[in-house]
Amino acid sequence: MAITAKELAKKLGLSESAISLALNHKPGVSTATRKRVLAAAEEFGYDFTRITAVEDPEYHGTIYFVIYKKHGAVVADTPFFSQVSEGVDMECHRIPYYLSIQYLHDGDDVKAQLANWKRSGCRGIILLGTEMQPQDLSHFMNIDIPLVLLDNYFEEIDVDSVLINNIKGAYTATNYLIRKRNAQPGYLHSSYSINNFEERADGFYKAIRRNGMSTSRSIVHRLTPSVEGAYADMKELLARGEPLANCYFADNDLIAVGALRAFREAGYRIPQDIAIVGFDNMPVCTYIEPALTTIHVPKEYMGQMAVRRLHELISHSDSQPIKIEISTTLQKRKSC
């Protein structure tokens, strides 16, 4: 039996009015409380159709922000995706839409879940598809619900996409390393294959070639895309005596921070002996010593643009699919 708002309030130790404000995406509760209430409502089976039935006439209905988790190494409760979610939430309030945050895992009955969402009055879907491959999109392409794919893009599929300009960002970082160090950079490449990282590889090698260097001479270490994973992997590489580069571009900040920690423990000075540039500009970049030079991604803006494009699709069903790439900038700090 589905949980009621009153029961949810008791379970979370909140007032019924706070639960109502959170579920209906109205001002009066913090973002953290809203996320906590929505996550608990989803977990305990709250019937979101109750919200649809009493919607404020000013609202355009409910859109679903769907977070697709495949291997879980990239999409997680990180500041990156929290900031993207903040952007989605802010833009939903502005237009306005009600927002329902949903999670899908590899192996879930996606077809059945989509049918449930359609019955509940879902007006459109923003799909955080960072970890997705083309075949994972098949069920989403067979439903009559407007869809925007966020943080991924597939050449072979006609779907609206909002993503980072990964190639330009990686090119900028690598070019900066070459000019600053006057040496061929190495590459801290993710051991998990996702489109974002493959595009960053394209940008890295493009910069290598543009500077007259041979791509085959770049030292590449494949590391787990998390702080602890990259740290353990780099510790193992150092213990084996693997050749090292003078400087490195990393696929993301988590890899960069993990590798930096391993280098320092092994006695290398950063940046005097080894320089590192990351990607994403996550808060951890300023907590470590030395602070990490990185590529800044406007994460909230990504979320806002996804909602804006979805609103266009809902308002004009004859729109043609477009690809929106968000530009990045270099954030210089002390690691390079």
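**Aromatic pairs in this model**

Let me begin with one residue: at 4% relative accessibility, Tyr-64 counts as buried, because buried means under 20% relative accessible area, with exposed over 50% and partly exposed in between (1.4 Å probe, protein chains only). Trp-117 is buried too, with a relative accessibility of 4%.

A word on the source. This is a predicted model, in which local features need pLDDT of at least 70 and side-chain atom pairs count only at pLDDT 80 or more, while totals for chains, interfaces and linings use all residues. Residues are numbered from 1 along each chain as its sequence is written, and side-chain values use heavy atoms, leaving out hydrogens and water.

How many aromatic pairs does a search of the whole structure find? The search finds 10. Rings of Phe, Tyr and Trp (its six-membered ring) pair if their centres lie within 6.5 Å; planes under 30 degrees apart are stacked, over 60 edge-to-face, the rest tilted.

Tyr-64 and Trp-117 are one such pair, with ring centres 5.4 Å apart and planes at 50°, so the pair is tilted. Tyr-64 belongs to strand E1 (residues 62–69) and Trp-117 to helix H6 (residues 110–119), so this pair ties together parts 53 residues apart in sequence. Helices (H or I, at least four residues) and strands (E, at least two) are DSSP runs, numbered from the N terminus.

Next, Phe-263 and Tyr-268 make an edge-to-face pair, 6.1 Å centre to centre and with 80° between the planes. Phe-263 is buried at 0% relative accessible area, whereas Tyr-268 is partly exposed at 31%.

Last, a group: Tyr-187, Phe-204, Tyr-205, Phe-249 and Phe-279 together form one aromatic cluster.
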